[in-house]
Amino acid sequence: MTTFIPSLELIERLVSPGRPVSAFIYDLDGLDRHARRLVSALPPGIDFFYAVKANSDPAILKTLAPIVAGFEVASVGEIRKVREAVGNGARVILGGPARTVSDFEAVVDHGVERVHIESIHLLYLANAVAALRNTTLPVLLRINLAGPVPGATITMGGQPTQFGIDESEIDDALSVLAACPNLRFEGFHLHTISNNLDATAHSILCLQALRRARAIADRHGLELDVVNLGGGWGVDYANVERLFDVDCLMAALSNALEPASPSIQFECGRIVAAYCAVYVCEVIDVKTNHGEAFALLRGGAHHFRLPSAWRHRHPFSVIRRESWPWAWSRRGHANRRVTVTGELCTPKDVLLNSQPFSSLRIGDLVCFLLAGAYGWDISHHDFLSNAHPERIFLPVQQHRIRFLTGENERINT
Ligand SMILES: Cc1ncc(COP(=O)(O)O)c(C=O)c1O
């Protein structure tokens, strides 16, 4: 896993000239190599799906299609994006709560392989849609495990949330499922936490989940074909050198797998896409207000909401630029703490809160690393209707770079 950090020369070669820099730059070659390394760590019997929600750009999906087992999607929109980007041959599994009739219809229409069901009502609904379409849907039941579970940045299970079926209601859900002739039980789904940095703790959680899934299936005399252990492999934003220990997780799982074990699936997003991109913005103004120093960027949370959503210190580097086109003297901050904000009219638009800088001047670039996952995709792009950032994909093929400017798209070959 190599963190993509472009040089000033590369950035200046890629971005459109004559306007302040605001761009996501994606290193697809790095993504390809990184994803291959992740997948090659998996023993036989474990399938690695990509969770499209982390980054659903067609270039990302196309790069990953030959590498991953398939795609985990959370909406009809994501089903369509996968089908449009990589065709009908790709394996697609659908998860997520709050499903509707049209979601299940899309599952049938788009050849989705399996659905993760998150409530008893949704069992009835999926069965009704499948019956109307005269088909059978393979399903996993998503369990919200009885807690506690080891720590992570976001927790979806082991505590009260809207996700999954409470472990205490799984027996009831299986009784309902047994009476649904158009659904086929294939196993359980347990995406419980996101951004777990501790692979040992994650293996304990996965093994516990597997044991509980087996026990429930045995109790009901059910064949357990698949256990999907979700995503959640962490990315350490506080220390880009510290990598999630995939080998440790795989060693623990390999030891626990027997010939009769169900097929194991993971559906990871963050660890796949985070490392391959940067979000780079130009400082367009500096000021001091009430004794505190600020630098304002051409960009902000509407492009890259992750730092403000998580209120964490996102890893970054400053790229100094020496040219200064104006007749007046260049302003900047030196040797002090600076809060780096975006261009939105809200004090929430903070990308870096009071960080020490030796120098930060108008015209310099701030380059946010690990920006490939849950960056552009979770941001409210059109709030205030500022121009979108350029989105530059490097290289789609050896000699081909695609530019998306928000308003128009051009292909350079
Ligand atoms: C059901 C489900 N699966 C997979 C993922 C991907 O998780 P991550 O990006 O942490 O690997 C998520 C993310 O929230 C999710 O909700």
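**Exercise 1. Strand 1 and its partner**

Task: Which residue of strand 13 is the bridge partner of Tyr26, and how many bridges join strand 1 to strand 13?

Solution.
Step 1. Tyr26 has Ala277 as its bridge partner in strand 13. The model is a predicted one, in which local features need pLDDT of at least 70, side-chain atom pairs count only at pLDDT 80 or more, and totals for chains, interfaces and linings use all residues. Residue numbers start from 1 along each chain, as its sequence is written.
Step 2. Strand 1 and strand 13 are antiparallel and share five bridges. Two strands pair if DSSP finds at least two bridges between them. Helices (H or I, at least four residues) and strands (E, at least two) are DSSP runs, numbered from the N terminus.

Task: Is strand 1 (residues 22-27) largely enclosed or open?

Solution.
Step 1. A residue is buried if 20 or more other C-beta atoms lie within 10 Å of its own, exposed if 12 or fewer, and partly exposed in between, with C-beta atoms placed from the backbone.
Step 2. Six of the six residues of strand 1 are buried, so the strand is largely enclosed by the rest of the structure.
Step 3. In a regular strand the side chains alternate between the two faces of the sheet.
Step 4. One side of strand 1 carries Ser22, Phe24 and Tyr26, the other Ala23, Ile25 and Asp27, and both faces are covered.

**Exercise 2. The partners of strand 18**

Task: Which residues stand opposite Phe368 and Leu365 of strand 18?

Solution.
Step 1. Strand 13 (residues 277-289) runs antiparallel to strand 18, and four bridges join them. In this pairing, Tyr279 stands opposite Phe368.
Step 2. Strand 15 (residues 316-319) also pairs with strand 18 in the antiparallel sense, over four bridges. Here Ile319 is opposite Leu365.
Step 3. Strand 18 covers residues 365-368, with Leu365 and Cys367 on one side and Val366 and Phe368 on the other. These residues are all buried, and both faces of strand 18 are covered.

**Exercise 3. Two buried residues**

Task: Is Leu296 buried or exposed, and which residues does Leu296 contact?

Solution.
Step 1. Leu296 belongs to strand 14 (residues 292-297).
Step 2. Leu296 is buried, because 20 other C-beta atoms lie within 10 Å.
Step 3. Two residues are in contact if their C-beta atoms, placed from the backbone, lie within 7 Å. Apart from its neighbours within four places in sequence, Leu296 contacts Ile284, Asp285, Thr341 and Glu343.
Step 4. Leu296 and Cys281 are 15 residues apart along the chain, and their C-alpha atoms are separated by 9.6 Å.

Task: Where does Tyr374 lie, and why does Tyr374 count as buried?

Solution.
Step 1. Tyr374 sits in the loop between strand 18 and strand 19 (390-397).
Step 2. Tyr374 counts as buried because it has 23 C-beta neighbours inside 10 Å.
Step 3. Not counting residues up to four places away in sequence, Tyr374 touches Ala54, Arg270 and Leu306.

**Exercise 4. Positive phi angles**

Task: What is the phi of Asn134 and of Leu384, and how exposed is each residue?

Solution.
Step 1. Asn134 is not a glycine, yet its phi is positive, at about 60°. This residue is in the loop between helix 6 (120-132) and strand 6 (137-144). Asn134 counts as exposed, because it has 8 C-beta neighbours inside 10 Å.
Step 2. Leu384, also not a glycine, has a positive phi of about 75°. Leu384 is in the loop between strand 18 and strand 19. With 14 other C-beta atoms within 10 Å, Leu384 is partly exposed.

**Exercise 5. The whole chain**

Task: Which domains does the chain have, and how many residues of domain 1 are in contact with domain 2?

Solution.
Step 1. Domain 1 is 8-25 + 275-412 and domain 2 is 91-268, with bounds from an automatic or database domain assignment.
Step 2. The C-alpha centres of the two domains lie 37 Å apart.
Step 3. Seven residues of domain 1 are in contact with five residues of domain 2.

Task: What radius of gyration does the chain have?

Solution.
Step 1. The radius of gyration is taken over C-alpha atoms, and the globule rule is 2.2 Å times the number of residues to the power 0.38.
Step 2. For 413 residues, a compact globule would have a radius of gyration near 22 Å; the chain has 23 Å, which agrees.
Step 3. The C-alpha trace spans about 80 × 40 × 40 Å along its principal axes.
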